[in-house]
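Please open the model in your viewer and keep the sequence panel visible beside it. The tour below proceeds selection by selection and states what is to be found at each stop.

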Amino acid sequence: MTRKKLTVYDYLQSKGKKQISALFVHNVEEAKAAEESGVDMICTAHDIPQHGITTSFNELKRIREAAPSCFMQSGGPAPPSSESEAIKIANQYLSIGAD
(Lines give C-alpha, C1' and ligand atoms only; values in the text may rest on other atoms or scores of the structure.)
Protein backbone atom coordinates (compact mmCIF):
# COMPACT_ATOMS: atom_id res chain seq x y z
CA MET A 1 0.00 0.00 0.00
CA THR A 2 1.44 3.33 -1.07
CA ARG A 3 0.64 6.41 0.93
CA LYS A 4 1.16 10.10 0.28
CA LYS A 5 4.55 11.40 1.36
CA LEU A 6 4.39 13.99 4.12
CA THR A 7 5.78 17.28 2.78
CA VAL A 8 7.05 20.37 4.58
CA TYR A 9 3.79 22.09 3.56
CA ASP A 10 1.71 19.24 5.02
CA TYR A 11 3.76 19.34 8.20
CA LEU A 12 3.26 23.09 8.63
CA GLN A 13 -0.46 22.87 7.81
CA SER A 14 -1.00 20.17 10.42
CA LYS A 15 0.26 22.33 13.30
CA GLY A 16 -2.43 22.47 15.96
CA LYS A 17 -4.75 20.28 13.88
CA LYS A 18 -3.16 16.85 13.71
CA GLN A 19 -0.69 14.98 15.85
CA ILE A 20 2.36 13.81 13.87
CA SER A 21 4.03 10.52 14.75
CA ALA A 22 7.83 10.59 14.84
CA LEU A 23 10.41 7.89 15.42
CA PHE A 24 14.20 7.87 15.63
CA VAL A 25 15.60 5.12 13.40
CA HIS A 26 19.11 3.67 13.48
CA ASN A 27 18.99 1.36 10.46
CA VAL A 28 17.12 0.11 7.41
CA GLU A 29 15.09 -2.45 9.36
CA GLU A 30 13.73 0.21 11.71
CA ALA A 31 12.99 2.48 8.73
CA LYS A 32 11.05 -0.31 6.99
CA ALA A 33 9.03 -0.90 10.16
CA ALA A 34 8.28 2.84 10.43
CA GLU A 35 7.12 2.91 6.81
CA GLU A 36 4.94 -0.18 7.21
CA SER A 37 3.33 1.11 10.39
CA GLY A 38 2.50 4.53 8.94
CA VAL A 39 4.87 6.68 11.00
CA ASP A 40 4.79 10.25 9.64
CA MET A 41 8.36 11.33 10.38
CA ILE A 42 11.65 9.55 10.90
CA CYS A 43 14.66 11.15 12.51
CA THR A 44 18.16 9.85 11.89
CA ALA A 45 21.73 10.76 12.66
CA HIS A 46 25.12 9.51 11.58
CA ASP A 47 28.69 9.15 12.78
CA ILE A 48 28.16 9.94 16.47
CA PRO A 49 29.55 6.78 18.15
CA GLN A 50 29.96 8.52 21.51
CA HIS A 51 26.13 8.53 21.63
CA GLY A 52 25.72 5.01 20.26
CA ILE A 53 24.95 6.16 16.71
CA THR A 54 27.17 4.23 14.33
CA THR A 55 25.11 4.75 11.18
CA SER A 56 27.24 6.15 8.36
CA PHE A 57 26.17 8.94 6.03
CA ASN A 58 26.08 6.40 3.18
CA GLU A 59 23.56 4.29 5.12
CA LEU A 60 21.16 7.23 5.28
CA LYS A 61 20.33 6.77 1.58
CA ARG A 62 19.25 3.17 2.25
CA ILE A 63 17.18 4.36 5.22
CA ARG A 64 15.45 6.88 2.94
CA GLU A 65 14.78 4.18 0.33
CA ALA A 66 13.27 1.93 3.02
CA ALA A 67 10.86 4.66 4.19
CA PRO A 68 9.93 6.73 1.12
CA SER A 69 6.65 8.05 2.56
CA CYS A 70 8.05 9.23 5.87
CA PHE A 71 9.27 12.79 6.29
CA MET A 72 12.98 12.36 7.02
CA GLN A 73 15.32 14.61 8.94
CA SER A 74 18.87 13.86 9.95
CA GLY A 75 21.77 15.24 11.92
CA GLY A 76 25.50 14.81 11.80
CA PRO A 77 28.43 14.66 14.14
CA ALA A 78 29.16 18.38 14.37
CA PRO A 79 27.36 21.66 13.72
CA PRO A 80 28.49 23.52 10.60
CA SER A 81 31.19 26.11 11.22
CA SER A 82 29.91 28.61 8.66
CA GLU A 83 26.90 29.49 6.55
CA SER A 84 28.56 28.09 3.41
CA GLU A 85 29.35 24.82 5.19
CA ALA A 86 25.72 24.61 6.38
CA ILE A 87 24.51 25.01 2.78
CA LYS A 88 26.96 22.34 1.58
CA ILE A 89 25.80 19.89 4.28
CA ALA A 90 22.13 20.66 3.58
CA ASN A 91 22.69 19.87 -0.10
CA GLN A 92 24.31 16.55 0.84
CA TYR A 93 21.21 15.61 2.86
CA LEU A 94 18.91 16.72 0.04
CA SER A 95 20.91 14.61 -2.42
CA ILE A 96 20.00 11.44 -0.51
CA GLY A 97 16.35 12.42 -0.17
CA ALA A 98 16.17 13.89 3.31
CA ASP A 99 13.52 16.53 3.78
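**Stop 1: a loop residue**

Select Asp47, which is partly exposed, with a relative accessible area of 36%. The model is a predicted one, and this residue belongs to the loop that runs between strand E2 (41-45) and H3. Display the backbone here: although Asp47 is not a glycine, its phi is positive, at about 55°. By way of background, most residues other than glycine have a negative phi.

**Stop 2: the nonpolar core**

Next, select Val25, Ala31, Ala34, Ile42, Leu60, Ile63 and Met72. These belong to the largest nonpolar core, which has 14 residues, and they are the ones that touch the most other members. Helix H2 (28-37) and helix H3 (57-66) are the elements that contribute two or more residues to this core. The greatest contribution is that of H3, with three residues. In soluble globular proteins, nonpolar side chains tend to be buried together.

Keep Leu60 selected and show its surroundings. Which residues is Leu60 in contact with, leaving aside its neighbours within four places in sequence? They are Thr44, Ala45, His46, Thr55, Met72, Ser74, Tyr93 and Ile96.

**Stop 3: the pair H2 and H3**

Now show H2 and H3 together as cartoons. Their axes lie 8 Å apart, and the helices pack at an angle of about 20°. An angle under 35 degrees counts as roughly parallel, and H2 and H3 are therefore roughly parallel to each other. Their crossing is right-handed.

To view the contact itself, add side chains for Val28, Ala31, Lys32 and Glu35 in H2, which meet Arg62, Ile63 and Ala66 in H3. The residues of this contact comprise four nonpolar and three charged, with no polar ones.

Staying on helix H2, select Glu29. Is Glu29 buried or exposed? Its relative accessibility is 58%, so Glu29 counts as exposed, the cut-off for that class being over 50%. A distance label between the C-alpha atoms of Glu29 and Ile63 should read 8.2 Å, although the two residues are 34 apart along the chain.

**Stop 4: a cysteine after H3**

Move to Cys70, in the loop between H3 and strand E3 (71-75). Cys70 has 0% relative accessibility and so counts as buried. With its neighbours within four places in sequence set aside, Cys70 is in contact with Arg3, Lys5, Ala34, Glu35, Val39, Asp40, Ile42, Arg64 and Asp99. Among these, Ala34 and Ile42 were also selected at the core stop. For a longer span, label the C-alpha atoms of Cys70 and Gln19: they are separated by 14 Å and lie 51 residues apart along the chain.

**Stop 5: helix H1**

Finally, select Ser14, which is found in helix H1 (residues 8-14). Ser14 is buried, with a relative accessible area of 10%. How many residues apart in sequence are Ser14 and His26? They are twelve residues apart, and from C-alpha to C-alpha they are 26 Å apart in space.

Note on methods. Residues are numbered from 1 along each chain as its sequence is written. This is a predicted model: local features need pLDDT of at least 70, side-chain atom pairs count only at pLDDT 80 or more; totals for chains, interfaces and linings use all residues. Side-chain values use heavy atoms; hydrogens and water are left out. A nonpolar core is a set of buried Ala, Val, Leu, Ile, Met, Phe, Trp, Tyr and Cys residues joined through side-chain atoms within 4.5 Å. Buried means under 20% relative accessible area, exposed over 50%, partly exposed in between (1.4 Å probe, protein chains only). Helices (H or I, at least four residues) and strands (E, at least two) are DSSP runs, numbered from the N terminus. Contact means heavy atoms within 4.5 Å. Axes are lines fitted to C-alpha atoms, for helices over the stretch in contact, and angles run from 0 to 180 degrees between N-to-C directions. Angles under 35 degrees count as roughly parallel, over 145 as roughly antiparallel, 65 to 115 as roughly perpendicular and the rest as oblique. A crossing is left-handed if the near helix is turned anticlockwise from the far one by less than a right angle, and right-handed if clockwise. Ala, Val, Leu, Ile, Met, Phe, Trp, Tyr, Cys and Pro count as nonpolar, Asp, Glu, Lys and Arg as charged, and the others, Gly among them, as polar.
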